[in-house]
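Please go through the model shown below, taking the backbone, the interior and the charged side chains in turn.

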Amino acid sequence: MPCCLLLLPRFLDRTEELALTHYREHLNIQDPEKRKEFLKTCVGLPFSAEDSAHIQDHYTLLERQIIIEANDRHLESAGQTEIFRKHPRKASILNMPLVTTLFYSCFYHYTEAEGTFSSPVNLKKTFKIPEKQYVLTALAARAKLRAWHDVDALFTTKNWLGYTKKRAPIGFHRVVEILHKNSAPVQILQEYVNLVEDVDTKLNLATKFKCHDVVIDDRQQLLAYRSKVDKGSAEEEKIDAILNSSVSSCSLRLQQCQ
């Protein structure tokens with residue numbers, strides 16, 4: 001094998017290393033426009049395929065952030081947009097991570113058309129954000145705003161026959177936790193606790209967050225179903241274990257409240 005071919009991998013490693021060293025210099029550039037132009041010079045450098053994609057996304061994200069920042073600063077100073085009047089921005093969006101940018105977009109620009117740079121759906125498609133990450137971030141943003149209608153719409157799907165159902169790629173137990181963290185009303189919490197499929201988890205969440213109607217309804221359903229299973233069967237034992245567990249949990253919660 002020719003010597004040049006033996007040296008080629010080492011040469012490629014060296015060029016990639018130099019490219020990464022050059023890329024890291026963006027950390028020393030404070031001005032957003034200058035940093036964006038510098039990142040543009042990095043796009044064509046000999047990185048690995050994975051690193052090339054990351055750097056292209058970094059450049060595109062900063063380019064978007066500059067546009068969004070300028071527009072939102074103008075809207076905020078004009079004082080004509082309700083969301084900025086009620087919830088003044090605490091920090092600039094410039095140089096923020098992608099997930100932070102998505103949260104910001106879901107908070108301030110949730111209803112914008114997909115064609116705008118600040119649209120959450122636009123960000124999701126441009127940067128190929130996974131569905132679970134998108135839903136988790138959108139939920140956190142809309143719940144923080146107490147926009148319960150948006151939360152409901154986020155989990156409502158419709159099939160081709162027009163029937164609707166609730167679906168949560170992150171699991172309804174996580175939905176309940178996030179809603180409680182954002183002080184959702186009990187009625188809304190109960191709706192989502194009821195959507196948790198695992199009975200034991202549902203009852204634990206219901207007692208933890210004082211969704212008493214859920215506990216009562218589920219106990220009644222379990223008691224009714226218990227009469228239909230065979231005496232001494234594994235199913236009866238499991239139902240009894242769940243019922244006893246829910247009673248113990250409720251008693252403990254009541255003691256803590258006293």
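Which residue with a positive phi follows α7? That residue is Arg146, whose phi is near 60°. The model is a predicted one, in which local features need pLDDT of at least 70 and side-chain atom pairs count only at pLDDT 80 or more, whereas totals for chains, interfaces and linings use all residues. Residues are numbered from 1 along each chain as its sequence is written, and side-chain values use heavy atoms, with hydrogens and water left out.

**Overall layout**

The protein chain contains 13 helices and two strands, where helices (H or I, at least four residues) and strands (E, at least two) are DSSP runs numbered from the N terminus. Of its 258 residues, 36% are buried, a class defined by a relative accessible area under 20%, with exposed meaning over 50% and partly exposed in between (1.4 Å probe, protein chains only). Among the contacts (heavy atoms within 4.5 Å) with a separation of 6 or more, 50% involve residues 24 or more positions apart.

**Helix α7 and the cores**

Helix α7 covers residues 131-144, and its end C-alpha atoms are 20 Å apart, which agrees with the 20 Å that its 14 residues should span at 1.5 Å a residue; the expected span is 1.5 Å times one less than the number of residues. Its buried residues, including Tyr134, Val135, Leu139 and Arg142, pack against α5 (98-108), α6 (120-126), α8 (148-154) and α9 (172-181). Val135 lies in this helix and counts as buried because its relative accessible area is 3%. It touches Leu154, Phe155, Pro169 and Ile170, not counting residues up to four places away in sequence, and its C-alpha atom is separated by 7.7 Å from that of Pro169, 34 residues apart along the chain.

The largest nonpolar core, meaning a set of buried Ala, Val, Leu, Ile, Met, Phe, Trp, Tyr and Cys residues joined through side-chain atoms within 4.5 Å, has 43 residues, and those with the most contacts inside it are Leu139, Phe155, Val175, Leu179 and Tyr192. α7 gives the most to this core, with six residues. A second, separate core of twelve residues includes Ile29, Leu39, Tyr59 and Leu62.

His26 lies in the loop between α1 (3-24) and α2 (32-42) and is buried, since its relative accessibility is 6%. Not counting residues up to four places away in sequence, His26 touches Arg35, Phe38, Leu39 and His58.

**Salt bridges**

The structure holds twelve salt bridges, each being a side-chain nitrogen of Lys or Arg within 4 Å of a carboxyl oxygen of Asp or Glu. Three of them are listed here.

| Pair | N to O distance |
|---|---|
| Lys36 and Glu37 | 3.8 Å |
| Lys86 and Glu82 | 2.9 Å |
| Arg142 and Asp150 | 2.8 Å |

Arg142 is buried, with a relative accessible area of 10%, and Asp150 is buried as well, at 17%. Lys86, by contrast, is exposed at 58%, while Glu82 is partly exposed at 43%. Because Lys86 and Glu82 are four residues apart in helix α4 (residues 82-86), they are separated by about one helical turn. Glu69, Arg73, Glu76 and Arg89 are linked in a network of salt bridges.
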